[in-house]
Amino acid sequence: SSNGIATLNANQYPNANPNTGAYKSQTINASISQNLTKDLELGGGIRYFAANASYGDPNAGPVADGGYGTNSTTSFNIKIVSTDVNGFAIYQVNLSWLSRLDIVQSQLNNQYYSNADLADLYAQTAAVYGIAYAYNPLYGVTNFTTQNIQTSSRWFNTYKLDSDKTATFGVDVIRAGFNNGLGDNMTRNTQGYFAGYSQK
């Protein structure tokens with residue numbers, strides 16, 4: 001944890017919240033594996049990371065003066081939660097062939113939130129621009145959460161052709177999705193094959 005350091009000079013930004021950017025985070029890691037037979041090992045693990053941070057808005061001030069409509073009492077925060085869950089299997093197929101399968105699912109959530117008075121922000125923008133909306137959601141004026149989820153799989157093999165020759169081959173598959181919290185969803189799927197040869 002950190003008490004932070006104020007990043008905005010109160011004399012230069014009198015409308016901004018004079019917070020110090022305090023920050024707290026927690027991390028947990030755990031893993032386990034077991035040899036079920038002399039040729040087969042199974043295992044897995046988890047990683048959890050969470051962080052909370054506060055920050056100031058350099059564009060605070062009345063909309064009529066070019067600001068975002070927030071003031072010195074408006075606080076802004078971001079919460080980050082990242083998790084990884086993985087599993088693996090290692091199998092000695094025979095004296096020459098070693099095969100490994102890894103699967104990892106990763107998730108990242110970013111939550112932006114503030115105590116901004118949205119009714120007041122809407123009233124300010126409507127009065128100045130004739131349309132009611134809240135400024136820049138990345139500053140937490142409109143509370144929302146982004147989410148990233150990715151599942152990665154890899155099948156990796158090594159095959160000893162003899163004492164000084166080794167072949168490698170396998171497959172990589174990735175499935176990823178992103179939601180920005182504002183109604184946009186995106187996905188990406190990739191698949192790759194690889195092979196190699198090592199000679200001593």
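**Exercise 1.** Which backbone nitrogen lies 2.9 Å from a polar atom of the side chain of Asn 19? Place Asn 19 in its surroundings as well.

*Solution.* This is a predicted model.

- Step 1. Find the partner. The backbone nitrogen is that of Gly 21.
- Step 2. Look for a backbone oxygen. The Asn 19 side chain reaches that of Tyr 55, at 3.0 Å.
- Step 3. Locate the residue in the chain. Asn 19 sits in the segment before strand S1 (23-35).
- Step 4. List the neighbours, leaving out residues up to four places away in sequence. Asn 19 touches Ala 6, Ser 54, Tyr 55 and Gly 56.

**Exercise 2.** Decide whether Asn 19 counts as buried or exposed.

*Solution.*

- Step 1. Take the cut-off: buried means under 20% relative accessible area.
- Step 2. Apply it. Asn 19 has 18% relative accessibility, so this residue counts as buried.
- Step 3. Set this against the whole chain. Buried residues make up 24% of the 200 residues in the protein.

**Exercise 3.** Describe the fold pattern and the overall spread of the protein.

*Solution.*

- Step 1. Count the elements. The protein has seven strands and one helix.
- Step 2. Read their order along the sequence: β-β-β-β-α-β-β-β.
- Step 3. Compare the radius of gyration with the globule rule. The protein has 26 Å, well over the 16 Å that the rule gives for 200 residues, so it is more spread out than a compact globule.
- Step 4. Add the box. Along the principal axes, the C-alpha atoms fill roughly 80 × 35 × 30 Å.
- Step 5. Check the contacts. Of those with a separation of 6 or more, 60% join residues 24 or more positions apart.

Definitions and conventions:
Residues numbered from 1 in each chain as written. Predicted model: local features only at pLDDT ≥ 70, side-chain atom pairs only at ≥ 80, totals over all residues. Heavy atoms only, no water. Helix = DSSP H or I, 4+ residues; strand = E, 2+ residues; numbered from the N terminus. Rg over C-alpha atoms; globule rule 2.2 N^0.38 Å. Buried < 20%, exposed > 50% of the residue type's maximum accessible area, 1.4 Å probe, protein only. Contact = heavy atoms within 4.5 Å. Polar contact = N/O pair within 3.5 Å; in protein donor to acceptor, adjacent residues only side chain to side chain.
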